[in-house]
Amino acid sequence: IRYLLCILLAATFHFSAFILVFVYFVRYIRLSYYTWLFLLVSFFFLQYTGILRQVFIAIISHIPFYNAYIEKVDIYTVEATPGFGILYNFLMAVLLAFVYRKSVPNTILTIYFLGSVLYICSVGILLLERIAFYLMYTNVIVFAHFVTLRRYRQVAQVFIFLTFIYFSIQSLTGMEKHSDERRTDLWGNADNFIGGMRHFMASMLTPSLQVAMNELSNHDHSRFLTRTNHIVGRAEHVGAKAAEEGVNYAVMREAVTVQMTWVGAPTVYYGDEAGVCGFTDPDNRRTYPWGRENKELLAFHKEMIRIHKQEKPLRKGSIKLLYAERNVLAYARFQEDEQIIVILNNSKDLKELTVPVWFAGVPKQGRMERLMYTYEEGYTTEYDEFIVENGEIVINMGRHSAIVMKPISEGEKTWQGK
């Protein structure tokens, strides 16, 4: 019963989790490693020859509901060919099959082998790919146990080498998961941002929130810098060059400011700091531009990382919304008697804003020091002060700008001696 409840919970995220009902009966499967080797090699060959794909399409073409949609949408099948990802998983499964009986308990490894065989079969068949990944998540247990076996140290070294090679060339592989869409109703919508953050953050305990990966880009989605040009499409439709056209570095710096000051662990997808562009996978996996980095963006990342490391509230502090309107957001991070204030103006207009910083515990009378200010033409960390009066600051924000500030304690001296 508990197992079924877990499956029902998983199915709330994706209906394909129901396939895990059958995993319960895996413990009754007793196949030798010779059989697993035969299945792995056979299906690998059939996949590379294209026979499996033809068989699958032939089968579902006789099912009325599936047949009606198979040639219209990519929900069930997409044009795809085996790549390095399939080859990597095939080699890992074969490697484990050679030491099948002495590596881990049969049930766990059997689930992994089932997932591996299904994964080899499922290139271009989206539902099967999802199910295969569910089964292959057991590799967290299988691989961890396998590489610690002394008697198979040489085999483990081969495994580690193959893993290194795979992740070194993973920019050449992967599935396209998302199509781009321009949502003007969300553009500058502070209420939607706040509502979304509150909803998802409420589902996590504080320790989890503090280590949540704050990402702007990843290996599945288009690069954030590319999204600033508002071009809808993918590389195969509009051309890879379009990913680099009309990008807005000021908006990118705004986003990095949020990434480095919001609750969580800032996680930079390689190349974001250097100005790498790219549409949805695989275009988002371009090589790092060694020697051609965007020096200003790289330096900006370094400054924001420095601020994140130096200011205690940004690492484990609480968060408080201070002010929001269309294209404008102000929030605070605070811990004990320290506060950090962040204000963003994501509009094309100059803004004069009044922000109630006293909400975060900032003294009602005093001064605040600027740590970072990014705007359309660039950014600056030069010293500047702002007056706090009656618990509020009045500040002029440039187009597509963001500022990070902190209170100046009584008697505290700045680096300029003020």
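**Entry 1: strand S7 and its partners**

I began at Met-368 and looked up its bridge partner in S9, which is Phe-386. I then widened the view to the two strands: S7 (residues 365–375) and S9 (residues 385–389) run antiparallel and are joined by 5 bridges. I note here that I am reading a predicted model.

I next followed Met-368 towards S11, where its bridge partner is Pro-407. The pairing of S7 with S11 (residues 401–407) is antiparallel and extends over 6 bridges. Met-368 thus has a bridge partner in S9, Phe-386, and another in S11, Pro-407.

I also examined the pairing of S7 with S8 (residues 378–380), which is antiparallel with 3 bridges. For Tyr-375 I found Gly-378 as the bridge partner in S8. I recorded S7 and S8 as a hairpin, with 2 residues between them.

**Entry 2: the hairpin of S3 and S4**

I turned to S3 (residues 318–325) and S4 (residues 328–335), which pair in the antiparallel sense over 7 bridges. I looked up Ser-318 and found that its bridge partner in S4 is Phe-334. Between the strands of this hairpin lie 2 residues, and I noted a positive phi near 70 degrees at Asn-327.

**Entry 3: helices H14 and H15**

I asked how the axes of H14 and H15 are placed relative to each other. The axes of H14 (residues 249–261) and H15 (residues 295–310) come within 10 Å and cross at roughly 20 degrees. Angles under 35 degrees count as roughly parallel, and I therefore entered H14 and H15 as roughly parallel to each other. I recorded the crossing of the two helices as right-handed.

I then listed the residues that make the contact. H14 contributes Tyr-249, Met-252, Arg-253, Val-256, Thr-257, Met-260 and Thr-261. From H15 come Glu-296, Leu-297, Phe-300, His-301, Met-304, Ile-305 and His-308. I sorted the residues of this contact by character and obtained 8 nonpolar, 4 polar and 2 charged.

**Entry 4: confidence of the model**

I checked the confidence of the prediction last. The protein chain has a mean pLDDT of 77, and 72% of its residues reach 70 or more. I marked residues 68–82, where the pLDDT is below 50; this stretch has 26 contacts in the model beyond near neighbours in sequence. I also marked residues 413–418, again with pLDDT below 50, for which I noted 7 contacts in the model beyond near neighbours in sequence.

Terms used. Residues numbered from 1 in each chain as written. Predicted model: local features only at pLDDT ≥ 70, side-chain atom pairs only at ≥ 80, totals over all residues. Heavy atoms only, no water. Axes fitted to C-alpha atoms, helices over the stretch in contact; angles between N-to-C directions. Helix = DSSP H or I, 4+ residues; strand = E, 2+ residues; numbered from the N terminus. Parallel < 35°, antiparallel > 145°, perpendicular 65-115°, else oblique. Left-handed = near helix turned anticlockwise from the far one by under 90°. Contact = heavy atoms within 4.5 Å. Nonpolar A, V, L, I, M, F, W, Y, C, P; charged D, E, K, R; others polar. Pairing = 2+ DSSP bridges. pLDDT = per-residue confidence, 0-100.
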